[in-house]
Each structure stands twice: as structure tokens, then as C-alpha cells.
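Here are my notes on the model you sent over, set out as numbered points. I hope they are handy while you have the coordinates open.

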2 protein chains.
Amino acid sequence: MTSGSDNSRPPTRRSGAWFSETRPGGDDALCARVERHVCTVEGPLQRIDIFDTPSFGRVFTLDGLVMVTERDEWMYHEMLVHVPLFSHPDPRRVLIIGGGDGGSLREVLRHPGVEEAVLVEIDGNVVEAARAHLPFTAKAMDDPRATVLVEEGAAYVKARRARFDAIIIDSTDPFKGAGGLLFTEEFYAGCRAALRDGGVLSAETEDVFYDAEWWTKASARLANVFRVSRAYWGSVTTYPSGAWTYAFASDTVDPVRDLRREDARRMAQALRYYDDEIHAACFALPRFMKQALSASR
Amino acid sequence: MTSGSDNSRPPTRRSGAWFSETRPGGDDALCARVERHVCTVEGPLQRIDIFDTPSFGRVFTLDGLVMVTERDEWMYHEMLVHVPLFSHPDPRRVLIIGGGDGGSLREVLRHPGVEEAVLVEIDGNVVEAARAHLPFTAKAMDDPRATVLVEEGAAYVKARRARFDAIIIDSTDPFKGAGGLLFTEEFYAGCRAALRDGGVLSAETEDVFYDAEWWTKASARLANVFRVSRAYWGSVTTYPSGAWTYAFASDTVDPVRDLRREDARRMAQALRYYDDEIHAACFALPRFMKQALSASR
């Protein structure tokens, strides 16, 4: 153990307030020094904390888990959104389930062909806190093409038929109450029905190193519902293991074959993670991820 | 901040001994609960600590920085070794600089064509500690094809001419004393001279999210010395940011074009990270990495 350890708590070089997110299993943690507490909202669904850190800029947590940090949220939002949207030939109507911080919405609205982007967030407190304190993601909500609804996502989807070209599932972690609903086969079937012909879907599917359960479940269930389903991954510094997974699904679109390469390359000039090369490469999974999928079958 | 914070140290769910590695900048940390302290060696070059953790199994640190953990060392060693060795048509003699834990050596010796693998580690204490406490990496040192030398790597290389088919630079972090030598242009030129015709080289080049300096320096210097130099990356859970970078260099070999795909696919059956698909994909860099390179030019 390094010097500074007092045998009871993680030693740190700098004193002051620290945030820690204990990783799945409870035996390790991401710790970050806090410069300033911005706000805490204890709501009926979950607890919101927002604070400023030297390492990650502004940090937004739900029930103590990092959802968004200013310094790496684009790694996540770009991969969740641009992989499906550049696989579709002409996405005009896009639905985002969850994502009340607005980061996925911001990425959707970069696409000039998008005419309507509907964001359905279950927790109105998240939308309010984001509007007040996370301008780097929430400013997208002011776009005239955006509609922000505070509703339960699965119910919203169930009531729609052949309405969207793309659905982006930007859920919280599934082991939390509301997030789990968005990992069910029934929900995915609802999404399929809510897509127009040729529609595409993406979903965040958690980390594989600590706990492959949700990733393998989501992959199997999407494969039961859609003709095409592919897993992909990318780096997100502050998420567990730093290697985050996503799922792509569609009945007709193959995300590698159908990539609009020139369009992706052009937009990537304004991006910080995604480009046409990453799009093609992110479907190559490290073997431990493939093995987790095989083991679950 | 999560409940449990006492405003002075990172809160954790479980009490007991914890290890923490403060990340570059000093304002965030990886923290892991320690089940058992295995050994500490205070040597003239550096301090070694080995301990057991529930999250990462056995952990080996140098001056408080994680070098090897049982649960993710293969992510690093497979990428550092197999990318260059499967790019070369027939690697027989391989030199490893650093890597006194034996993990890179283990991966080199998986290649049936390798006749001689020389490991040159500056710190004999590392080799001894690994032999005593890290059997999962150090057992490779017992292979009759392996030679383990305790010497300074740059001096060893300088005295060799046209001797090796591949050189693997498995250094410690360059901001530590001995590691920095292995990031100089003079050292890379020495490596080039020590390679036989058609030889290949790989090097670990640190993380880009926290500090792009060493990555951009190594990339620029390798490009000055070798005709072909390419950056690649992969996930390593316990290393800073979880996204680790590597460099490939050669005068004649293009690592994507010259991949021995069938051989790589066959060996990958025994691996946990690398395979032929990852080999091709790992050269696609996220844009923030590309931007760091451009900014440094």
C-alpha cells in the first residue's frame, strides 16, 4: 500500500471533499476531489447530485453513480447516437428514451436531416437540474426541433406505431428501478413497432468487466426481436472499467455495410470521439466480451 | 456527494485496508479494497508492493502505480505483444525491454516460431518479486527459450546490431526515472539498429485523456526513426482512463496489411483480448487521440 494509507480508508494526496463511486461488487471505486457542490435534489425516483471537480469538470450523478461528466460525456453520447444515425440512410424522426441531461439530444440534432427529436425522460427533476446546471448538454433542449416529455419511456413507446426512424435508449443503470424496464424484451418489441420501415435502434448496455449480465441479457433479447443486432463498444473514462458497451438493432440495416461514410467523415470534424473509422472498428469486440456472450447462450 | 462522505476523504462502502492510485494531476484516484498484503520491497530504484484485492486479484505496484493486476494484465500484454508479432512474417528472436513481471514474455512464448526471447529488466527486485508472487506472469521465465537479464535496457540495446526480429518496449511510466530513457529518440534509433531486416517494434505509450505528452512525444520520435509508425489502443481496466495506447514501428512492415490473419485467429482461441479483428480495429483512433497528435505537430 502506498504511503498515506491509514488502513481504514482510501489514501489520497489532497485533502478536502471527495466523491466516490463504488464499482459493481463494492470493492473498488472511482474517487474524485470535489471543488464545489452545485446542487442536490432528493426526488421520489432518485437522488441527483451535481458538483464541480478538477479532474472531470462538472459531474452529474444519480443515486451516487456518474451519469455525465463535462470532460468525457461526449465519448458516450457520440457513440450512442452517431453509430445508429449514420447507419440509417435518412433519419428524420428520432426518439430518445431517458437521456434527460440532453447530451444524446445534442448529438441527434447535429444531423441536418432530423426534423423532429422527441426526448422522453421519466424524471422531471433530471430535466430541470440539467437545464439549470448542465448547459453543455441541456442547451439542445432549446432547439425548435426538440420536444422534451416527462413520461415513462416504455409506456410512451407502447402507444406509438411506425413513427420513428431511430430510437436511442439512453437509460440509467438497469439495477436501478426505472432503468430495468428498458432492458426487457417487451420494451424492445415495443420499440420495433414504434419504428418505421428501415428504422434503427441503439441502446447503452453497460460494462462487461465487472458484470456482463445486462449486456448479455440485452444482446439476447434484442436478437429475439430484431433481424439484425450487433454489439459495439468504446471508451468512457469515468464509467466502470472505462470500456462501455452499446447495442445496435434493426430489421433491415447492417451498421457496417450501410454506414454513410462521407457524411460521417464530414460531421466528425466537429466531434471528439466518433468518426467513420471508429464506426467500422467499434464492432470488433475484445475476446472477453465475445466470451461473455457465448457463455450466456 | 454520496452518503457516507465525511467531507475529508473518499467515502467507501466497505471498511478495511484500501489501496489508492492517484491519477495524473492528483485530483482523482482508483481505489481498491485490500484483502491481504503480500510483500513490500524498498529497493534503490523503486518501491514494490504486492497485495491481494477482491476486485482485481493479485496487484503489483511500483512506487504506488499499478503495473499488473491478475484480472486485467492480459488486456495489456496481449495487445503489446501480439500486434507486432502477428505483423511480422516469422519472428524468431524477440527482445523485451522492461516487463520484469514476465507477462509480455508469456505472450511472446505462445508463438511457436520463437526460438529465443530475451528479457532485459533494470530492476532485479522486480524479477525476484514476480518469481515469488506473480506466477501467472512469471512462470514464463522458466521456459528454456527465455533468457532473463538484469541490465539497463537502453545500454543493452546500444550494444546489439541486427539481432532481433521484434523488440517489445514494456516500460514503466516515463515520468519515473528509469522509464523516461525508454522514450528517447536515441533509444529508438538503438532499437532500429538492433533489429534485423524486416524487424518490428512495439511500445507502451501511456494514456491520452489525462496526459497526452508522452504519447505524442513517443509517436513523433518513432516517426523520425522508422519509415512506418502507427499508434494503436485498447482497454486496460485498471490503467488511467481505461484506454491505453501503444505504438508500432518498422521500416518495412505495415501492421494492418501484413497481419497473419489465420495464425492470429488460431492463437486467439487461447487469448482473452486480442484476435485478428481487434488487430485490424485497434488502429482506428478516437478523435481526441488524433487531435492530440495533430496539436503536438
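1. Let me start with B:Arg145, which is partly exposed at a relative accessible area of 23%. In this predicted model, its side chain meets that of B:Asp143 in a salt bridge, 3.1 Å from N to O. Elsewhere, A:Glu73, A:Arg106, A:Glu107 and A:Arg110 are joined into one network by salt bridges that share partners. Over all chains, a search of the whole structure finds 54 salt bridges.

2. Two further salt bridges in chain A are worth a look. One of them links A:Asp49 to A:Arg47, with the closest N and O atoms 2.8 Å apart. The acid is buried here: A:Asp49 has a relative accessible area of 1%. Its partner A:Arg47, at 22% relative accessibility, counts as partly exposed, since buried means under 20%.

3. The other salt bridge joins the side chains of A:Lys158 and A:Glu186, at 3.5 Å from N to O. A:Lys158 belongs to helix α5 (residues 153–158) and A:Glu186 to helix α7 (residues 185–194) of chain A, so this pair ties together parts that are 28 residues apart in sequence. Both ends are exposed: A:Lys158 has a relative accessible area of 56%, and A:Glu186 comes out at 58%.

4. Now to the rings. The whole structure holds 27 aromatic pairs over all chains. Among them is the tilted pair of A:Tyr232 and A:Phe283, with 5.2 Å from centre to centre and 50° between the planes. A:Tyr232 sits in strand β12 (residues 228–235) of chain A, while A:Phe283 is in the loop between α10 (276–281) and α11 (287–296), so the contact ties together parts 51 residues apart in sequence. Both A:Tyr232 and A:Phe283 are buried. These two residues also belong to one aromatic cluster with A:Tyr76, A:Tyr239, A:Trp244 and A:Tyr246.

5. Which residues make an aromatic pair that crosses between chains? A:Trp233 in strand β12 of chain A pairs with B:Trp233 in strand β12 (residues 228–235) of chain B. The ring centres lie 5.5 Å apart and the planes are at 35°, so the pair is tilted. A:Trp233 counts as buried at 8% relative accessibility, and B:Trp233 is likewise buried at 8%.

6. Charged groups also reach across to rings of the other chain. The charged end of A:Arg71 sits over the ring of B:Phe209, 4.3 Å from its centre. In turn, the charged end of B:Arg71 sits over the ring of A:Phe209, again 4.3 Å from the centre.

7. How is chain A related to chain B? A turn of 180° with a shift of 0.0 Å along the axis lays chain A on chain B with an RMSD of 0.0 Å. The two copies are thus related as by a two-fold rotation axis. As for the interface, 100% of the interface residues of chain A are also interface residues in chain B, so the copies meet through the same surface.

8. A last point on the cysteines. The structure holds zero disulfides over all chains. A:Cys31 is buried, at 0% relative accessibility, and B:Cys31 is also buried, with a relative accessible area of 0%.

Note on methods:
Residues numbered from 1 in each chain as written. Chains lettered and ligands numbered in written order. Predicted model: local features only at pLDDT ≥ 70, side-chain atom pairs only at ≥ 80, totals over all residues. Heavy atoms only, no water. Disulfide = S-S within 2.5 Å. Buried < 20%, exposed > 50% of the residue type's maximum accessible area, 1.4 Å probe, protein only. Least-squares fit on C-alpha atoms with pLDDT ≥ 70 in both. Contact = heavy atoms within 4.5 Å. Phe/Tyr/Trp six-rings, centres within 6.5 Å; stacked < 30°, edge-to-face > 60°. Helix = DSSP H or I, 4+ residues; strand = E, 2+ residues; numbered from the N terminus. Lys NZ or Arg CZ within 6 Å of the ring centre and 35° of its normal. Salt bridge = Lys/Arg side-chain N within 4 Å of Asp/Glu carboxyl O.
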